[in-house]
Amino acid sequence: MTGVRHRVTLAVVLLCVCLWGTTDAGVAKERERVVRKPRKPAPTPSAVERSPGAPPIDMSKMWGKWYLLNLASTCPHQLQQGASSEATVINLTPPEQESSPVSVSTKTRFNHDCWEILQKYYPTKTNGRYILKGNSVSEPSTDVIIMELDNAYAFILYHKKGKITAKLYGRSTVNLSEPMLTKFETLAQEKGMSLAYLFPFPTFGHCDSVTKDHVIAPLGGLLETVGGERRGGGD
């Protein structure tokens, strides 16, 4: 069990940087070509900011359960592991005070078992912008920017060490809006990610419950398996 915990912890460390993805074999070949291309320059500040004049984000619409529907990423690990995605669901709990962090629960599968990753998004002075702290003292933090949000869909951008990951979340996995999916593709392209960088996610097989020894939570800058051994975070 200890070996499994270690592998899951490593997967979570990579998750904090890039998360998961999926695609068919044809796109997988395209991803391999993308990985071998010369390294792209780090995104400019404008690439990870909301559009000027965009309406404020109403965070009251963000709380609760969301399904990960689609993802776009420039992270090499994501491009290489795109075919190994699993159905993923997150739940955001509102903070007691505006200055307190948002509690985020992510449930997914690893080796056919359900796992839950607990994280904290720390607020900033900018509306819709949060910080996800690194899993160790030496690991940089991740910028979390809620680009767009309504009652049914949310576009969230993650920026870490010059790499961008954009995610499309929905309240439901049925009757997906084609205009919304197209809008997400457009957003990804605006951030420098073509269709080869997009990975749709499974719409079935989500985890509902997780046993205590399959819960991973941050503790003092480390990732700890609740009810098990503590494992250090790191690249």
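The following paragraphs go through a predicted model of a protein, from its overall make-up to one helix and one set of strands.

The protein has 235 residues, of which 45% are buried. Its secondary structure amounts to 4 helices and 12 strands. Of the contacts between residues at least 6 apart in sequence, 63% join residues at least 24 apart. The exposed surface comes to about 11,900 Å², and carbon and sulfur atoms supply 53% of that area.

Confidence should be read before the details. The mean pLDDT of the protein is 77, with 69% of its residues at 70 or more. Among the elements, helix α2 (residues 25–35) has the lowest mean pLDDT, 37, while β2 has the highest, 97. Two stretches stay under 50 in pLDDT: residues 12–17, for which the model has 20 contacts beyond four places in sequence, and residues 19–39, for which it has 43 such contacts.

Helix α4 covers residues 178–190. At 1.5 Å a residue, its 13 residues should span 18 Å, and the C-alpha atoms at its ends are 18 Å apart, so the expected span and the model agree. The buried residues of this helix are M180, L181, F184, L187 and A188. Seen down the axis of α4, the buried residues fall within an arc of 115°, and therefore they line one face of the helix. The spacing follows from a general property: an α-helix has 3.6 residues a turn, so residues three or four places apart point the same way. On the other side of α4, E178, P179 and E190 are exposed.

What lies over the buried residues of α4? The cover includes strands β1 (64–73), β6 (142–149), β7 (153–160), β8 (163–170) and β9 (198–200). Just after the helix, G192 takes a positive phi of about 90°.

Strands β2, β3 and β4 can be followed in order. Strand β2 (residues 89–93) runs antiparallel to strand β3 (residues 102–110), and 5 bridges join them. Within this pairing, N91 has S105 in β3 as its bridge partner. Strand β3 also pairs with strand β4 (residues 113–123), again in the antiparallel sense, over 9 bridges. Here F110 stands opposite D113 in β4. Strands β3 and β4 form a hairpin with 2 residues between them. In that turn, N111 has a positive phi of about 55°. In a regular strand, side chains alternate between the two faces of the sheet.

Conventions. Residues numbered from 1 in each chain as written. Predicted model: local features only at pLDDT ≥ 70, side-chain atom pairs only at ≥ 80, totals over all residues. Heavy atoms only, no water. Expected span 1.5 Å × (residues − 1). Buried < 20%, exposed > 50% of the residue type's maximum accessible area, 1.4 Å probe, protein only. Arc of directions from axis to C-beta. Contact = heavy atoms within 4.5 Å. Areas by Shrake-Rupley, 256 points an atom, 1.4 Å probe, with all protein chains shown as cover. Pairing = 2+ DSSP bridges. pLDDT = per-residue confidence, 0-100.
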